[in-house]
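Q: I have a structure open and would like to learn how to read its features. Could you walk me through it step by step?

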Amino acid sequence: MDKPVCLIDTASDGKLCVQQSALQVLEQIQQPVVVVAVVGLYRTGKSYLMNRLAGKQTGFALGSTIESKTKGIWMWCVPHPTKPGTTLVLLDTEGLGDVDKGDSVHDTRIFSLAVLLSSTLVLNSRGTIDNRAIEELQYVTELTEYIKIKSPDEVVDDGEFVKFFPSFIWAVRDFTLQLNIEGKDATEDEYLEFALKLKLGNSIQVNNYNLPRECIRKYFPSRKCFTFPFPTNPDNVSYLETLDPAEISKRFLEVTDRFCQFIFDQSQVKNLKDGHTVTGRVLGHLVKTYVDTIASGAVPCLENAVISMALIENEAAFQEGLEVYQSGMEKLKKSFPLELNEITSEHQCFSLMATQTFMKRCFRDSDGKFLTSLEEAINHQFDRYLWDNEKASEAKCESLLSVLSEPMTERINQGFYATAGGYDLFCQDLEDIVNQYNTLAYQEVKIAEVLEKFLQQKVAVTTAILQADDKLTENERKICEERERAVLLEQEIKAQEERQRQLKEKMVIEEQNNEERVRQVIQKMEEEMSFQQQETQRAMDSKLREQAALMEKGFQEKANKMASEIEELRRNNKEVEDRKSREFAQMIADQERRNAENMEVLRQQHRQQMEAINSRPRPSSGGCSIQ
C-alpha cells in the first residue's frame with residue numbers, strides 16, 4: 001500500500017461500518033500480521049508517529065488545524081522492516097474526546113476496537129502523565145463493559161483479559177519535565193510506574209483515583225513508556241511532516257527512532273485466543289465480526305469471534321488442503337498411465353502435504369469434523385485418479401495388443417490358418433504376441449485384465465481354427481479345447497491375483513498414511529495445549545507480580561483479594577486443561593477408529609478376492625501356451 005485507506009467509518013445513521021475496499025486489501029495478505037494501533041485525544045499528533053512507523057513522512061493525515069483529521073479507523077499495511085514474511089498493519093484511530101462530536105460511547109467503541117484488533121496499543125498524550133491524563137482514560141475502566149471474553153451470561157475473572165489484550169506503550173508528547181522521582185534520576189518506564197501507583201485507603205476519592213490505574217495495571221501488564229520533547233519551534237509544528245530533519249529537534253528524532261525500533265523488535269504477531277496466528281485475511285474477518293456485532297447493539301465477544309473464525313478458517317483450510325492434493329495429482333495425471341507403486345507413492349506424498357497444509361491453518365477442529373472431511377475427499381479423489389490411471393493403462397494395453405496382433409488378424413482374414421496344421425501355427429503366433437505383450441507392458445496396471453479380455457475375444461476364432469484343422473483327430477480336438485479353457489482360466493486367475501497385489505499395495509500405503517495423520521493430529525494438539533499453558537502462565541505471572549507489588553506497598557487487603565483470584569485462576573485453568581485433554585484423547589480415538597474402519601473395508605475386499613482366487617481350480621498347462 002502506498003498510502004493509508006479507511007478501514008472503519010461511521011455511517012449516516014451513526015453506526016460503525018467496515019469499508020469493503022480495505023477488507024479486499026486484507027484478504028490478499030496471507031502473511032502473519034503485527035498490528036499496531038494508536039489511540040489518544042484528538043489533535044495530539046498520533047498520525048505523525050504512525051507515518052514514521054510506515055517509514056514515511058506523509059500518509060496518515062496530521063491534524064494541524066482545530067479540526068480533528070482522522071475519522072473512524074484508518075489502516076496502512078507495509079512490509080515489516082525487521083521480520084521477513086510478516087506484514088506490519090498500522091491503525092490510526094479517530095481522536096478521542098472531540099468536543100464537536102461529543103459522543104463518549106462512540107469513543108469507547110473506537111478504543112475497544114483498537115484493543116481488540118491490535119497486538120500493540122500505543123496511547124498518545126501530551127504534557128505529562130498526571131492525574132488529569134489518567135482520568136481522561138475512562139475508556140480503560142469501561143473495557144469490560146464493551147468487550148467480553150465469553151458469552152455475556154458467563155462470569156469471567158477480569159484477569160482473563162490479560163491473556164488476550166495487546167502490549168501497551170504510552171507515548172508522552174511535548175514532555176518538558178525532568179525524569180526525576182523523589183530526588184533520583186528515573187527511566188521513562190519508572191516514570192510510568194510511578195504515575196500508576198495506587199493510594200492507600202477506601203474512600204470514594206481514593207477509589208476513583210485508583211480505578212483507572214488498577215485497570216491499566218491489570219489489563220496491560222506489559223507496559224512501556226516513551227517521553228518526546230517538543231519537536232520544533234511552535235510556529236512550525238503545523239508543518240511537521242514537511243520540515244527538513246535539520247529543523248526538527250535531535251532529541252525528538254532520537255526518541256522517535258527509539259520508539260519505532262522498539263515496536264519493530266518487540267511487537268509480536270497478532271494471535272487469536274487459543275494461539276491461532278492472525279494473517280491479513282483473518283484480521284479482515286475479525287474486523288467485520290467485531291464491527292457488525294457493535295452495529296447490532298451487542299458486545300463483541302472474543303469467544304464468539306474465535307468460534308466464528310474457526311468455522312471460516314477450517315473450511316478454508318479444508319479447501320486449501322484439497323487444492324494442494326488435487327494440484328499435485330493433476331500434474332501427475334499428465335504422465336498417466338503409471339505403475340501402481342508410483343501413483344500410490346505420489347498419492348501418499350500429496351496426501352500428507354494436504355494434511356500438513358490443513359493443520360497449519362486449522363484451529364479448534366476439536367471433533368475432527370474438517371479433518372475427516374478432508375480425508376474422505378482425498379480418498380474419493382484418489383479412487384478417481386486410480387480409475388483414470390487404469391483407463392489410461394487399459395487404452396495403452398489395448399492399443400499395444402492391437403498393433404501386435406495386426407499381422408495375425410490379416411492372416412485370419414486371408415484364411416491362412418484354415419488348413420491342416422493351421423491350429424499349431426495359430427497357437428505359435430498367439431504365443432509370440434502374448435510374450436511380446438508381457439515384455440512391453442510389464443509395468444502396466446491393466447496388463448493381466450486386458451490380456452484376459454483379448455484371449456476371451458479370440459475364443460471363437462480359436463475354436464473355428466481348431467475345428468477346421470483336418471490334421472487333428474476328434475480326440476485331439478477335445479484335448480485342445482480343454483487346454484484352451486484351462487489357459488483362459490489361468491489368465492483370469494492371473495488378473496485376479498494382480499488386482500489382489502494392487503490392493504495389498506494400497507493397504508500398505510493407507511496404513512502409513514493413517515499413522516502419519518495420527519502423528520500430525522497429536523503434534524497439532526500438543527501445540528495448542530502448549531499455547532494454552534503459555535497464556536495461563538502469562539496471566540498467572542501478571543497476577544503474581546501485581547500481588548507482590550501490592551504487598552510491598554502495604555495494600556494487604558487488595559493483595560489477599562488477588563491471592564483468591566490467583567487460586568481461582570489455577571482452578572479454572574486446571575478445568576480447561578482437563579477438558580482439552582479429554583477432547584484431544586477423544587479426537588485421537590476417533591481418528592484411530594476411522595483408520596481402523598477404513599482398513600477393515602480394504603481387508604474385507606482382500607478376503608473376498610482371496611476367496612475368489614482360491615475357489616477356482618488350478619488348471620493344467622497346455623493348449624496355446626501363454627505362460
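Q: Which helix holds T256, and is T256 buried or exposed?
A: In this predicted model, T256 sits in helix α9, which spans residues 250–266. To judge burial, look at the relative accessible area: under 20% counts as buried. T256 is at 0%, so it is buried.

Q: What is T256 in contact with, beyond its neighbours within four places in sequence?
A: Setting those neighbours aside, T256 touches L49, R52 and F228. L49 and R52 take us to helix α2, where both are among the buried residues.

Q: How many residues of helix α2 are buried, and what covers them?
A: Helix α2 covers residues 46–53, and eight of its eight residues are buried. They run through K46, S47, Y48, L49, M50, N51, R52 and L53. The cover includes the strands β3 (33–40), β4 (73–79), β5 (87–93), β6 (120–126) and β7 (167–173), together with helix α9. Just past the end of α2, G55 has a positive phi of about 80°.

Q: How should I read backbone values such as phi and omega?
A: Start from the usual case: most residues other than glycine have a negative phi, and most peptide bonds are trans. Then look for departures from it. D174 is not a glycine, yet its phi is positive, about 55°. D174 lies in the loop between β7 and β8 (180–181).

Q: Which other residue that is not a glycine has a positive phi, and where does it lie?
A: Try E182, with phi near 50°. E182 belongs to the loop between β8 and β9 (184–185). The surroundings are worth a look too: D174 has a relative accessible area of 15% and is therefore buried, whereas E182, at 71%, counts as exposed.

Q: Where is there a cis peptide bond?
A: Look between F336 and P337, where omega is about 0°. P337 is in the loop between α11 (302–333) and α12 (340–361).

Q: How do I describe two helices that pack together?
A: Two numbers do the work: the angle between the axes and the distance between the axes. Take helix α3 (residues 104–117) and helix α10 (residues 280–295): the angle is about 150° and the axes are 11 Å apart. An angle over 145 degrees counts as roughly antiparallel, so α3 and α10 are roughly antiparallel to each other. Their crossing is right-handed.

Q: Which residues make the contact of α3 with α10?
A: From α3 come R109, L113, L116 and L117, and from α10 come L283, L286, V287, Y290, V291 and I294. By class, these residues are nine nonpolar, no polar and one charged. The spacing along a helix has a general reason: an α-helix has 3.6 residues a turn, so residues three or four places apart point the same way.

Q: At what angle do α15 and α16 pack, and which residues make their contact?
A: Helix α15 (residues 422–440) and helix α16 (residues 447–457) pack at about 165°, with axes 11 Å apart. That angle makes them roughly antiparallel, and α15 passes α16 in a right-handed crossing. L430, V434, Y437 and N438 of α15 meet I447, V450, L451, F454 and L455 of α16. This contact divides into eight nonpolar residues, one polar and no charged.

Q: How many helices and strands does the protein chain have?
A: The chain has 19 helices and 10 strands. Of its 627 residues, 49% count as buried.

How values were computed. Residues are numbered from 1 along each chain as its sequence is written. This is a predicted model: local features need pLDDT of at least 70, side-chain atom pairs count only at pLDDT 80 or more; totals for chains, interfaces and linings use all residues. Side-chain values use heavy atoms; hydrogens and water are left out. Axes are lines fitted to C-alpha atoms, for helices over the stretch in contact, and angles run from 0 to 180 degrees between N-to-C directions. Helices (H or I, at least four residues) and strands (E, at least two) are DSSP runs, numbered from the N terminus. Angles under 35 degrees count as roughly parallel, over 145 as roughly antiparallel, 65 to 115 as roughly perpendicular and the rest as oblique. A crossing is left-handed if the near helix is turned anticlockwise from the far one by less than a right angle, and right-handed if clockwise. Contact means heavy atoms within 4.5 Å. Ala, Val, Leu, Ile, Met, Phe, Trp, Tyr, Cys and Pro count as nonpolar, Asp, Glu, Lys and Arg as charged, and the others, Gly among them, as polar. Buried means under 20% relative accessible area, exposed over 50%, partly exposed in between (1.4 Å probe, protein chains only).
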